[in-house]
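Welcome! Open your viewer, get comfortable with the rotate and select tools, and let's take a walk together.

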Amino acid sequence: MLAVKVDETSADALRSLSDSIRDRAPNMVAVLAMVTPEGKVQFAAACGAEAVKKGAHAGNIVRELAKMCGGGGGGRPDSATAGGRDASQLEKALESVNNLVEN
C-alpha cells in the first residue's frame, strides 16, 4: 500500500501516476494526493487487479478521504479521483488510508 502527497503536478498527472502504479503491481493499493495552487486537495487512488479481488475499492477509499477534507468524489474499484476544500486535513486523511483499506 502506498499513500503519499505529491508536489507540483496536475490532477491528470496524479491519476496517470496512480494508474501506472496499479498496472505494475497487481496487489497494490495506491493513494496519491496533492494540494492545488488554489489550496484545494485532489486525490487519485488505484487498486491492482489482485487487490480488487480481495475487496479493495478505489472509489470508496477516495470518497472517504475527500469527506475528511470537505469534499467528495469516487469512481471505479480500480481507479478513482476525488477532491476536497480543506487542505489542512490532508495529512490526517493520508494517515487513515491504512485503516480504510483494511476495512
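Start at a turn. Select β2 and β3, which form a hairpin with five residues between the strands. Click on Gly 39: in this hairpin it takes a positive phi near 90°. Keep in mind as you look around that this is a predicted model.

Now follow the two strands away from the turn. β2 and β3 run antiparallel and are joined by seven bridges. To see one pairing, select Val 29 and look across to β3, where its bridge partner is Cys 47.

Next, add β5 to your selection. β5 pairs with β3, again in the antiparallel sense, over six bridges. Pick Phe 43 here, and you will find Ala 82 of β5 standing opposite. Is β3 mostly covered or uncovered? Mostly covered: six of its seven residues are buried.

Time to go inside. Nonpolar side chains tend to be buried together in soluble globular proteins. Here, the largest nonpolar core has 21 residues, and Val 31, Phe 43, Cys 47 and Leu 65 are those with the most contacts inside it. Colour β2 (29-35), β3 (41-47), α3 (58-68), β5 (79-84) and α4 (90-95), since each of these supplies at least two residues of this core. The largest share, five residues, comes from α3.

Stay with Leu 65 for a moment. Which residues does it touch beyond its neighbours within four places in sequence? Show Val 31, Phe 43, Ala 93, Ser 96, Val 97 and Leu 100: Leu 65 is in contact with each of them.

There is another core to find. A second, separate one has seven residues, including Val 6, Ile 21, Met 34 and Ala 44.

For the last stop, select helix α1, residues 11-24. Its 14 residues reach 20 Å from the first C-alpha to the last, close to the 20 Å expected at 1.5 Å a residue. Show the buried residues of α1: Leu 14, Ser 18, Asp 19, Ile 21 and Arg 22. They cover an arc of only 155° around the axis, so they lie on the same side of α1.

What covers these buried residues? Bring back β1 (2-5), β2, β3 and β5, which are among the elements covering them. Then turn the helix around: the face pointing away from the buried side carries the exposed residues Asp 12, Asp 23 and Arg 24.

Terms used: Residues numbered from 1 in each chain as written. Predicted model: local features only at pLDDT ≥ 70, side-chain atom pairs only at ≥ 80, totals over all residues. Heavy atoms only, no water. Core = buried A, V, L, I, M, F, W, Y, C linked by side-chain atoms within 4.5 Å. Buried < 20%, exposed > 50% of the residue type's maximum accessible area, 1.4 Å probe, protein only. Helix = DSSP H or I, 4+ residues; strand = E, 2+ residues; numbered from the N terminus. Contact = heavy atoms within 4.5 Å. Pairing = 2+ DSSP bridges. Expected span 1.5 Å × (residues − 1). Arc of directions from axis to C-beta.
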